[in-house]
Amino acid sequence: MMLPYPWHKALWDKVARVEALPHGILIHGRQGIGKLHFARCLAALLLCSRQDKFRGACGSCSGCHFMMQGVHPDYVEICPDEEEDGKKMSRLIKVEQIRDLGEMLSLTAHQNGCRVVLIHPAESLNISAANSLLKTLEEPNPGTYLILVAHHPGRLLPTILSRCAQVEMELPDRQEALGWLELQGLSQAENWLERARGAPLLALKLSEGEDESVRQILLEGLSKPLELNVIDLTEKIMQVERGKIFSWVYFWVMDLLNLLAIGQVRCHSDRREVLASLAGRAGRVELARFAQQITESLRTAEHPLNAQLSLEEMLLDYRALFANHPVS
Ligand SMILES: [Zn+2]
């Protein structure tokens, strides 16, 4: 069942309880606060056949089932077509995409008589696409809803703006956003929320991107054990949760063991060559013991002050695995 994010509650109550929703709805607000998700929840509500009773999508009628499987015949999402130009990513919604809509909207609705079109981000409509959309907004078929999502409504044609009911989504309350981020398992949620200027989904996205770049730095370091500057590397990676780093190292070592045992790499196929060059340089027993050590230290919770120390120790142990077997 599709539920809006917790910080949407007040807005959801306001919008979803409107007796007759207007045919054109524009949801706008900052990036990373869940506008698209909110719009999808609203679409699900409109397409649910038990919406009158519950004022929320019931999650169990056939319309809701189709929505959850992403195959609702009366629902269309339109966004910039990424594949159309081959390699080049298109950032615009083209007029053909809107014209195709006309055809779909001329057919009878399959389910509860409603049809919903969601367009995001609406500012990527090119001029002719926007003009073509206007016709649909001017003469809406009964039961047809157009939901537009925009980060920058000022970039939309005034004629489109004037035909839509505007729903402004504000930044969530800071404490509520922090609580939600912590529930997602994000450490240092405050820092990330700060960097995302208060937008929780953006904060989560930033943290994931950051983790990946730290993982690459770590793998670079592990690739050259004899040149490994333990203190330097620890400093670069310790912003990421210790548990994550340990498990990255664990999977790296498991790939070394996989190579030795079955000649295969399971987790780092993009670094197969360097792993193969390392595998023969450390003893299998020592590698297995090191992997065992990591799983044991993963089980013990540690005071954050000790995190740096335990990272340094782990990297020293890793380096030692290869130091005793120098390249001949
Ligand atoms: Zn339903």
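Let's start with a pair of residues: in this predicted model, Ile-27 has Val-149 of strand β4 as its bridge partner. That pairing belongs to a longer run of contacts, since strand β1 (residues 24-28) and β4 are joined by five bridges and run parallel. Strand β3 (residues 115-119) is also parallel to β4, and five bridges join these two as well. If you want places to look, Ile-119 stands opposite Leu-148 in β4, and Val-116 stands opposite Tyr-145 in β4. How does the chain get from β3 to β4? It crosses through helix α6 (residues 127-138), and this β-α-β crossover is right-handed.

Now stay with β4 for a moment. This strand covers residues 144-150, and seven of its seven residues are buried, so β4 is largely enclosed by the rest of the structure. Buried here has a plain meaning: a residue counts as buried if 20 or more other C-beta atoms lie within 10 Å of its own. You can check both faces of β4 in the model. On one side sit Thr-144, Leu-146, Leu-148 and Ala-150, on the other Tyr-145, Ile-147 and Val-149, and all of them are buried.

Next comes β3, where five of five residues are buried. Its two faces are both covered, with Arg-115, Val-117 and Ile-119 on one side and Val-116 and Leu-118 on the other. β3 has another pairing too: β2 and β3 run in the parallel sense over four bridges. Within that pairing, Ile-78 has Ile-119 of β3 as its bridge partner. So Ile-119 is a handy landmark, because you meet it again here after seeing it opposite Leu-148 in β4.Follow the chain just past β3 and you come to a cis peptide bond, which joins His-120 and Pro-121 with an omega of about -20°. Pro-121 lies in the loop between β3 and α6.

Helix α4 (residues 62-69) gives us a change of scenery. Which of its residues are buried? They are Gly-63, Cys-64 and Met-67. These residues cover an arc of only 95° around the axis, which puts them on the same side of α4. There is a simple rule behind patterns like this: an α-helix has 3.6 residues a turn, so residues three or four places apart point the same way. On the other side of α4, His-65 and Gln-69 are exposed. The cover over the buried residues of α4 includes α2 (35-47) and β2 (75-78). Right after α4 comes Gly-70, with a positive phi near 70°.

A positive phi turns up at Arg-197 too, near 50°, and this residue is not a glycine. You'll find Arg-197 in the loop between α9 (189-195) and α10 (200-223). Is Arg-197 buried or exposed? It has 12 other C-beta atoms within 10 Å, so it counts as exposed.

Further along the chain, Leu-233 lies in helix α11 (residues 230-237). Leu-233 has 19 C-beta neighbours inside 10 Å and therefore counts as partly exposed; being buried would take 20 or more. Leaving aside residues up to four places away in sequence, Leu-233 touches Gly-221, Leu-228 and Leu-315. Leu-311 is another residue to look for: 78 residues separate it from Leu-233 in sequence, yet their C-alpha atoms are 9.5 Å apart in space.

Time to step back and take in the whole chain. Its secondary structure comes to 15 helices and five strands. The domain assignment gives domain 1 (6-170), domain 2 (172-210) and domain 3 (224-323). Between domain 1 and domain 2, the C-alpha centres lie 27 Å apart. Where these two domains meet, seven residues of domain 1 are in contact with 11 residues of domain 2.

What about the overall dimensions? The C-alpha trace spans about 80 × 45 × 40 Å along its principal axes. The radius of gyration is 26 Å, while a compact globule of 328 residues would have one near 20 Å. Buried residues make up 32% of the 328 residues. Finally, take the contacts between residues at least 6 apart in sequence: 70% of them join residues at least 24 apart.

Definitions and conventions. Residues numbered from 1 in each chain as written. Predicted model: local features only at pLDDT ≥ 70, side-chain atom pairs only at ≥ 80, totals over all residues. Rg over C-alpha atoms; globule rule 2.2 N^0.38 Å. Pairing = 2+ DSSP bridges. Right-handed = clockwise from strand over helix to strand, strands pointing away. Arc of directions from axis to C-beta. Domains from an automatic or database assignment.
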